[in-house]
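Open your viewer and keep the selection panel handy. This tour goes from stop to stop, saying what to pick and what you will find there.

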Amino acid sequence: MKAFAKLVFAGAVAMSPFASAYSALGDYTPVTDERLKNPEPKNWLQYRGNYQGWGYSPLDKITDKNISKLKLAWAFTTGQTEGHQAPPIVNNGYMFVTTPGGQLIALNAKTGEELWRYRKSLPGEMLQLHPTNRGVALYGDKVYVATVDCFLIALDAKTGKVVWEKPVGDWKALQYMTLAPLAAKGKIMVGSSGGETGVRGFVAAYDAETGEEAWRTYTTAAPGEPGGDTWPGETYKNGGGSIWITGTYDADTNLAYWGTGNPAPWPTEGRQGDNLYTSSTIALDVDTGKLKGYHQYTPNDAWDWDEVSAPLLIDTKVDGKMRKTAVHAGRNGYLWVLERTNSKINFIEAYPFVYNNVFKSIDPKTGRPTYDESRKPGMGKAVGFCPSLWGGKDWPPEAYNPKTGLLYIPANENLCAELPAAEPVKYKKGDLYIGYSIEGVLTSLRWRDGEKDKPKTMGEIQAWDLNTGKKVWTHKFPTFNWGPLMTTAGNLVFGGGTNDRMFRAFNAKTGKLVWEAATPSGVTGVPTSFEIDGEQYIAVQSGWGVDSQRMQGGVDRLTGKTTMVPQGGTVMVYKLQK
């Protein structure tokens, strides 16, 4: 414990608010398209480690057999509170982390020494609905960050000097960005949050060298466009469909896959129709931004079931036949197995991974669900439904391990919701555009089927075999789970996500808990792994806040108890003790 305190204290001293300490790590290695397509196992170059979104490290020096020797190597306090969700991105010894408060920090990945720090000056009057950031993109000799005031910024990766800065949206209209950009073929792609503020969702691409906008594709179809007839009148202009999680990319077909958010406002009475392309996966041509294909998970969504997590691109057997799949564990509680082509997206199968009482059936050819209309909230009625607004899985990403052949899902079971009668709402720039009061949203959580007693378990990690469509194992928690997952060639699955501040590892084949360590706060950060000088490291940010804390408030309201999870961000880096 003394050693841990010493490490944290040292990190805090090293990082004064405008420090620019520098430690020679040698030349910075430029990040090319080829490196992103075929990343070296020793580095973690992008949000989920590879373009396919697997969250998988091929490193195998830390295993289920020796993980008892995994100890803290160093820790670095960020000086910020709220949700620390970004993965530590590593390129040959250079580590890049983002934090709430508009910070991008470069660290020596071996020692934790601060190299440089960039801090965006944010407007004091800006309303931050989600004060967080989910990481950077690396391309060439630059590092790219999307900011909560809706700017895309390119910095010199070695020095932290700003190279260019471009506005992407209007923060005064409550457009904001929290996602890690996606870099491919000379372009940096981003999208804007704002599904509850009446934005019109989009993906935009910028030239990596100059910052000039190359294209912008909107996620709500306009009249005269394919899908334009799924919106009445001009409702598409403020129809939501926001993009707030990084896309995945198939380099062979040059298609980027993005998840889109809920339509706006939440009540459906004023926007009859499917509302394409909200609550969907869309496939865009990276050169032009042209929409090539889509699959909509929840047409005319009334439940705030964003499907913003991009699908994992996995070539695997399904029912014994090799398929090029796009796999997504949905907020609506279904595991979707889709087929990707060089254009359209085809439906293969869908499996419920948590309880859903809204879907009566799913069309076996199209994947379109049929709803129990009595479970559809809206005007003049209070309605309960399962899963809750936060879904069977919110944004925390799944992981896929090609050695085990299993997909791992951070799930929440036994949690439902009841929304009050919706309220009439008109769009006004800079205001919320929901159709329900904030109090009604934040107090909507319910136990499953209206039970009065707290369920024995809520959070889960599930392992699924995509070939058979069967769940292989489940680890259950007494609290909910808000933990992104990473899996490794060492037969391990790493994740946090619970309010007890633990960061854990599980046997990837059996689900057995094999290691855990307490961190200063709750872990909602995306874990990564890298190697330096022959040693494998595991890295994650600890720092509870944003929606995990809001969900905790909903659980506390039901239990009548108050749960205190310490605030404050810390980069935690582990290695095997010699």
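Start by selecting β1 and strand β32 (residues 485-488): the two pair in the parallel sense over 2 bridges. Pairing here requires at least two bridges found by DSSP between the strands, and strands themselves are DSSP runs (E, at least two residues), numbered from the N terminus. Zoom in on Tyr-56, whose bridge partner in β32 is Thr-487. Now widen the selection to the open sheet of 5 strands, which has mixed pairing and runs in the order β1-β32-β33-β34-β35. At its edges are β1 (56-57) and β35 (513-518), each pairing on one side only.

A word on what you are looking at: this is a predicted model, where local features need pLDDT of at least 70 and side-chain atom pairs count only at pLDDT 80 or more, while totals for chains, interfaces and linings use all residues. Residues are numbered from 1 along each chain as its sequence is written, and side-chain values use heavy atoms, with hydrogens and water left out.

Next, select Lys-187, in strand β12 (residues 187-191). What is the nearest side chain of opposite charge to Lys-187? That is Asp-287, 4.4 Å away; Lys-187 is buried yet has no salt bridge. Buried means under 20% relative accessible area, exposed over 50%, and partly exposed in between (1.4 Å probe, protein chains only). For charge, Lys and Arg count as positive and Asp and Glu as negative, with His and the chain ends not counted. A salt bridge needs a side-chain nitrogen of Lys or Arg within 4 Å of a carboxyl oxygen of Asp or Glu. Show the surroundings of Lys-187 too: beyond its neighbours within four places in sequence, its contacts (heavy atoms within 4.5 Å) include Leu-182, Tyr-206, Trp-215 and Asp-287.

Stay with Asp-287 and add Lys-185: their side chains do form a salt bridge, 3.2 Å from N to O. This pair links distant parts of the chain, 102 residues apart, with Lys-185 in the loop between β11 (182-184) and β12 and Asp-287 in the loop between β17 (280-285) and β18 (291-296). Lys-185 counts as partly exposed because its relative accessibility is 40%. Asp-287 is also partly exposed, at 37%.

Across the model there are 31 salt bridges. Pick Arg-117 and Glu-114 for one at 2.9 Å, N to O; both residues are buried. Lys-393 and Glu-398 give another, with their closest N and O atoms 3.9 Å apart, and these two are buried as well. For a network of salt bridges, select Asp-250, Asp-315, Lys-324 and Arg-340 together.

Now go to Thr-217, in strand β14 (residues 213-218). Is Thr-217 buried or exposed? At 15% relative accessibility, Thr-217 counts as buried. A polar atom of its side chain lies 2.5 Å from the backbone oxygen of Gly-289. Setting aside residues up to four places away in sequence, Thr-217 touches Gly-201, Phe-202, Val-203, Leu-284, Gly-289 and Lys-290.

Finish with the cysteines. The whole structure holds 1 disulfide (a pair of cysteine sulfur atoms within 2.5 Å), and this bond joins Cys-386 to Cys-416, S to S 2.0 Å. The torsion about their S-S bond is about 100°, so the disulfide is right-handed. Cys-386 sits in the loop between β25 (383-385) and β26 (399-401) and Cys-416 in strand β28 (residues 415-419), so the pair ties together parts 30 residues apart in sequence. Both Cys-386 and Cys-416 are buried. As a last click, try Cys-150, buried with a relative accessible area of 0%.

How values were computed
Helix = DSSP H or I, 4+ residues; strand = E, 2+ residues; numbered from the N terminus. Polar contact = N/O pair within 3.5 Å; in protein donor to acceptor, adjacent residues only side chain to side chain.
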